[in-house]
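Trainee: Could you take me through a structure and show me how to read its packing and its charged pairs?

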Amino acid sequence: MQEEENQEDPFGQSVEENEPKKGVWDCFCIPIHWFNMLSREMHWSFVFGVVVVYGISQGLGGALAGVGTKYYMKDVQKVQPSEAQVYAGITSIPWIVKPIWGLLTDVLPVFGYRRRPYFIFAGFLGVIAMLLLSLHENLHLALALLSLTAGSAGVAIADVTIDACVAQNSISHPSLAADMQSLCAFSSSVGALFGFCISGIFVHLIGPMGVFGLMTIPAGLVISVGFLLDEPRMHISSYRQVKQNFLDAGKAMWTTLKSEDVWRPCLYMYLSLALSLNILEGMFYWYTDSKGGPSFSQESVGFIFSISSVGSLLGAILYQYALKDYAFRDLLFWTQLLYGLSGMLDLILVLRLNLRFGIPDYFFVVIVESIAQMTNRLKWMPMLVLSSKLCPSGIEGTFFALLMSIDNVGLLSASWGGGFMLHILRITRTRFDNLWLAILIRNILRITPLCLLFLVPRADPNSSILPTETMDSKVAIDTLDTKNVELVSLVHSVDGK
């Protein structure tokens with residue numbers, strides 16, 4: 001025994017000597033070193049652009065604008081929940097035409113630059129739109145919708161442009177591609193979490209119009225990205241060549257879409273989103289109702305959304321570490337079923353059954369929203385992976401953006417369908433008698449896509465889906481003067497965009 005201890009002691013001592021001691025300060029330094037490494041390898045202006053567009057513009061700004069817009073429609077414009085649902089769909093239209101913005105940044109340079117002018121244009125568009133909303137108290141509803149849509153277009157254009165920058169750096173630095181995606185996801189998640197935490201407070205202190213005034217700051221930072229981005233000037237192609245580039249890209253995408261292996265999964269993804277009717281505006285009006293609803297304050301609504309964003313993050317982590325290797329059809333079956341069943345929690349809340357069990361409204365709503373965001377993320381992630389598998393070689397980026405646009409059309413259909421249902425059931429600003437029926441219909445429709453799973457291939461994420469003949473589209477796109485289309489949509493906001 002003594003001899004064994006003598007043998008173990010030197011070994012243990014050597015391990016302790018060779019193993020560096022990590023303190024709390026080292027844990028804080030790891031992200032700083034990581035940011036420094038990315039800045040050193042790909043220029044600090046690129047990292048600054050990702051943090052501004054994903055973290056500040058989409059994450060923080062999107063959270064502020066989302067909560068501010070809900071209260072703006074409810075308290076300033078005084079529209080009905082069904083109308084607010086339809087208007088929310090209208091303001092999301094710029095995200096549906098993302099491939100157009102992507103093709104413009106790829107094949108139509110301005111003053112010799114393909115990225116910088118589009119950042120500047122997107123920033124100025126957002127500043128003007130937000131100023132118009134914040135400075136006019138009695139702004140007509142049509143002009144308000146136009147301004148909100150313009151602000152959404154500014155964010156969408158900046159999103160597509162930074163995606164192109166990420167793709168370009170992924171080609172030149174392939175070993176850092178995963179780090180760049182992590183940077184985008186980290187920036188978006190942290191920005192959204194912080195934005196939702198402060199959104200309700202700012203709505204309470206300065207009102208929704210004041211929040212729109214604050215939104216000029218993220219838009220102004222997007223402008224600064226356009227001026228600071230390190231981008232070499234390129235030769236300006238003739239407009240005839242630009243037109244040919246558009247035609248070549250369009251033909252290649254159409255050829256791919258005609259393949260049965262592509263349009264069938266696309267049809268499922270559209271229908272699964274369109275049938276999941278969106279009645280969030282009706283639920284929001286009920287949340288803040290002082291009679292039959294919980295009568296949540298602005299601060300409470302902001303904190304509820306912030307906690308639910310943590311649920312979305314947990315869903316992404318669960319998929320990454322436990323579910324990512326399952327077959328698409330099997331995983332979509334269980335996630336869609338869970339998504340439909342989880343909606344029944346809203347029914348329990350609206351019928352006030354939670355109070356019978358002694359569960360306070362605030363605590364129960366936090367649970368409901370967190371589970372809803374988590375299940376929505378679990379349903380969305382395999383569809384994103386499936387979409388990436390449907391992209392042929394040569395036009396991966398632009399075609400992926402096209403698929404995301406199809407999904408956004410599904411979200412728009414769900415938003416407008418939900419608004420129509422709220423109108424039919426006569427759910428208004430002060431009347432919520434039939435809200436339980438709207439929730440029940442929505443939950444039933446959420447389960448119906450299970451009957452359409454035959455459209456989804458049985459393949460798993462590690463196998464190839466496209467047939468070899470589909471790869472012929474690469475020949476059509478090789479004639480592009482830019483050599484490749486670099487638009488890659490790193491979609492981190494499920495909400496659709």
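Mentor: We will go through the nonpolar cores, one helix and the salt bridges in turn, keeping in mind that this is a predicted model.

Trainee: Which residues have the most contacts inside the largest nonpolar core?

Mentor: That core holds 53 residues, and Met73, Leu133 and Leu435 are the ones with the most contacts inside it. Helix H3, which runs over residues 44-76, gives the largest share of this core, with 8 residues.

Trainee: Which residues is leucine 435 in contact with, leaving aside its neighbours within four places in sequence?

Mentor: With those neighbours set aside, leucine 435 touches Gly282, Met283, Trp286, Val350 and Ile427. There is also a second, separate core of 27 residues, and among its members are Val262, Met269, Leu332 and Leu386.

Trainee: How many ångströms should helix H12 span, and which of its residues are buried?

Mentor: Helix H12 covers residues 260-274, and at 1.5 Å a residue its 15 residues should span 21 Å; the end C-alpha atoms are 21 Å apart, so the expected span and the model agree. As for burial, Val262, Pro265, Cys266, Tyr268, Met269, Ser272, Leu273 and Ala274 in H12 are buried, and Val262 and Met269 are also included in the second core.

Trainee: How many salt bridges does a search of the whole structure find?

Mentor: The general idea is that side chains of opposite charge can pair when their charged atoms come close. In this structure the search finds 6 salt bridges, one of which joins lysine 70 to glutamate 281, with the closest N and O atoms 3.1 Å apart. This pair links distant parts of the chain, since lysine 70 lies in helix H3 and glutamate 281 in helix H13 (residues 280-287), 211 residues apart.

Trainee: Are lysine 70 and glutamate 281 buried or exposed?

Mentor: Buried means under 20% relative accessible area, so lysine 70, at 16%, is buried, and glutamate 281, at 8%, counts as buried as well.

Trainee: What is the burial of aspartate 75 and of lysine 74, which form a salt bridge?

Mentor: The closest N and O atoms of aspartate 75 and lysine 74 are 3.4 Å apart. Aspartate 75 is partly exposed, with a relative accessible area of 34%, whereas lysine 74 is buried at 16%.

Trainee: Where does aspartate 361 find its salt bridge?

Mentor: Its side chain meets that of arginine 352, at 2.6 Å from N to O. Aspartate 361 counts as buried at 12% relative accessibility, and arginine 352 is buried with a relative accessible area of 19%.

Note on methods: Residues are numbered from 1 along each chain as its sequence is written. This is a predicted model: local features need pLDDT of at least 70, side-chain atom pairs count only at pLDDT 80 or more; totals for chains, interfaces and linings use all residues. Side-chain values use heavy atoms; hydrogens and water are left out. A nonpolar core is a set of buried Ala, Val, Leu, Ile, Met, Phe, Trp, Tyr and Cys residues joined through side-chain atoms within 4.5 Å. Buried means under 20% relative accessible area, exposed over 50%, partly exposed in between (1.4 Å probe, protein chains only). Helices (H or I, at least four residues) and strands (E, at least two) are DSSP runs, numbered from the N terminus. Contact means heavy atoms within 4.5 Å. The expected span of a helix is 1.5 Å times one less than its number of residues. A salt bridge is a side-chain nitrogen of Lys or Arg within 4 Å of a carboxyl oxygen of Asp or Glu.
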